[in-house]
Amino acid sequence: MSELVPGGNVPLPGGALAVRVSGPFDVCALVTDDRGKVRGDGDFVFYNQPTAPGARLQGDTLTLEPARLRAGATRVTVVVGAAEPGTPLARLPIPTLHVTDPGGRTLARFTPPPAQRETVLLLAELYQRDGGWKLRALGQGYADGLAGLARDFGVDVMEDEGAMEGDTSSAGRQSPAGPPAYATTGDPAPARRRRTAPPHAAVPRARPAPSPAPDPDGFLGLVNPARATAGSPPVALDGRLASAARAHAAAMAAAGRLGVEGTDGVSVHQRVTAAGYRYLAVGEHLVSGPRTAAEFVAYCLRTDQAHRTLHDPAFTHTGLGHVTDGRTGDTYWTALWASPRTPDGLARTAAEVVDLTNRERTRTGLRPLAVDPSLTAAAQAHSADMVARAFYSHTSPEGGRPWDRAAAAGSTRRTIGENIACGQRSAAEVVDGWMNSPGHRANILEPAFTHIGVGYEGGGPSGTYWTQLFGA
């Protein structure tokens, strides 16, 4: 595996390649010739146009087959931008590019230098040379976003009015599931050229707000009055949540049992994020037996945990799915509850973890920890990576350790400690769990530590992934 630096390159094998950038980013690609120009609409691969000859975008992964690119294509430029429009990349974890072969073997990885005002980054390019293909690391940023980048590549851009829709979030559990988990460790741009847009070029637009999902079961008419009696605001149906709910209900019906994870190995939370809904908080009801939506809601209202989830004021969206097992006649139900993941919401969650951590320190006479942006970036990147690659460890699949991640994010702290946890649905729950574990408590109450960074990401097998990174 090659660890690239800006300008570095590595030869690529033949066949399909997977290019992945996990985290709060949108990934896109521009297919060009040697002059760096697109030829038309089909050369811009992004969230509104996810496929082109030899290229397919699915979530955070771009699959490329160089031999199948359109005629005359000799270069593919991989671009990342903030999923939340207009967000400077400096406020987010540093995007890391992973390139793997069809067998999942990592061929190359590239982490660019920290961004400043840029909102879009040319991360890397695949280019044809001497009959083969190579990967070159770039790291060139644009402060004027996707529009500036697209125009430079010859794409005619029309700006939509209004902001893009934000992400989503979630909390709560109704089906059998394992307890939350905890783990701990510690140890002392070049000038841009203006090009003329070709006729009928692609038109990147702001991602539209999702259309209201249909409600054939009358679900909102059942749950919103119940929420109103508890003083909670109404929820809206979201098509992404409904799609994930139907998929999970079908998986449970196929298995003939309730479960957070189907026989396909995919959790209900992974179905939510795969449907395009990134959440800060999520709740789910997984139930079998009721024959109608009214019976399902009645069951939830008389069951303690389900009742709290249905009434939770944090949730803004919902989705319902049900599938009947043809062998037994049992109907399996999945209801999902979520609220969008936004930069402000993520910042509030991290700040709450820091505040609760510092309260524990001040109770024992220790000085509070100061927030360190580099530690925050490294912690957030690790939580996002654990979700994206479905692992739970202080050591990444490539062998990276907490101090390696801190250094890669620009930290100069000489001593690093890390707490991680998964499955907890609130800042209070995760900090309480850490304080009741000797190893985690030792990190939180380590007198030598002076700074902290917190990361949180929703998704993955356990639903939520938390990281505390300490430094001195």
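**Exercise 1. The open sheet**

In this predicted model, describe the open sheet of 7 strands by its strand order and pairing, and then identify its edge strands.

*Solution.* The strands of this open sheet follow the order β1-β11-β10-β3-β8-β7-β6, and their pairing is mixed. At the edges stand β1 (2–4) and β6 (51–52), each of which pairs on one side only. Turning to the interior of the order, strand β3 (residues 17–20) and strand β8 (residues 61–64) run antiparallel and are joined by 4 bridges. Within this pairing, Val-19 stands opposite Leu-62 in β8.

**Exercise 2. The buried face of helix α5**

Determine which residues of helix α5 (residues 293–301) are buried, how they are arranged when seen down the axis of α5, and which elements they pack against.

*Solution.* The first step is to list the buried residues of α5, which are Ala-293, Phe-296, Val-297 and Cys-300. The second step is to look down the axis of α5, where these buried residues fall within an arc of 95° and therefore line one face of the helix. The general geometry of helices is helpful here: an α-helix has 3.6 residues a turn, so residues three or four places apart point the same way. The third step is to find the partners of this face, and the buried residues of α5 pack against two helices, α2 (219–229) and α6 (304–311), as well as against the strands β17 (279–288), β18 (317–324) and β19 (331–340).

One of these partners, helix α6, contains Gln-305, a residue that counts as partly exposed at 30% relative accessibility. The side chain of Gln-305 makes a polar contact of 2.6 Å with the side chain of Arg-308, while its C-alpha atom is separated by 9.4 Å from that of His-285, which is 20 residues away along the chain.

**Exercise 3. Three salt bridges and their surroundings**

Work out, for the pairs Asp-264 with Arg-271, Arg-341 with Glu-457 and Asp-385 with Arg-389, where the partners lie or whether they are buried or partly exposed.

*Solution.* The structure holds 21 salt bridges, and the three pairs can be taken in turn.

1. Asp-264 and Arg-271 form a salt bridge in which the closest N and O atoms are 3.0 Å apart. Asp-264 is partly exposed, with a relative accessible area of 47%, whereas Arg-271 counts as buried at 11%.

2. Arg-341 and Glu-457 meet through their side chains in a salt bridge of 3.1 Å, N to O. Arg-341 lies in the loop between β19 and α7 (343–363) and Glu-457 in strand β22 (residues 451–459), so the pair ties together parts that are 116 residues apart in sequence. Arg-341 is buried at 4% relative accessibility, and Glu-457 is buried with a relative accessible area of 5%.

3. Asp-385 and Arg-389 meet in a salt bridge of 2.8 Å, N to O; being 4 residues apart in helix α8, they are separated by about one helical turn. Asp-385 is buried, with a relative accessible area of 10%, but Arg-389 counts as partly exposed at 21%, the limit for a buried residue being under 20%. Both residues also belong to a network of salt bridges that links Glu-3, Arg-109, Asp-385, Arg-389 and Glu-398.

**Exercise 4. The contacts of Gln-380**

Place Gln-380 in its helix, and establish which residues it contacts beyond its neighbours within four places in sequence.

*Solution.* Gln-380 lies in helix α8 and is buried, with a relative accessible area of 6%. Its side chain is joined to that of Glu-457 by a polar contact of 2.9 Å. With neighbours within four places in sequence left aside, Gln-380 is in contact with Pro-93, Arg-341, Leu-346, Val-454, Gly-455, Tyr-456 and Glu-457. This list includes Arg-341 and Glu-457, whose side chains meet in a salt bridge.

**Exercise 5. Positive phi outside glycine**

Locate Asp-130 and Ala-390, and state for each the value of phi and whether the residue is exposed or partly exposed.

*Solution.* Asp-130, although not a glycine, has a positive phi of about 55°. Asp-130 is found in the loop between β12 (120–129) and β13 (132–142), and is exposed, with a relative accessible area of 78%. Ala-390 likewise has a positive phi, near 55°, and is placed in the loop between α8 (373–389) and α9 (402–408). With a relative accessible area of 41%, Ala-390 is partly exposed.

Note on methods: Residues numbered from 1 in each chain as written. Predicted model: local features only at pLDDT ≥ 70, side-chain atom pairs only at ≥ 80, totals over all residues. Heavy atoms only, no water. Buried < 20%, exposed > 50% of the residue type's maximum accessible area, 1.4 Å probe, protein only. Arc of directions from axis to C-beta. Contact = heavy atoms within 4.5 Å. Salt bridge = Lys/Arg side-chain N within 4 Å of Asp/Glu carboxyl O. Polar contact = N/O pair within 3.5 Å; in protein donor to acceptor, adjacent residues only side chain to side chain. Pairing = 2+ DSSP bridges.
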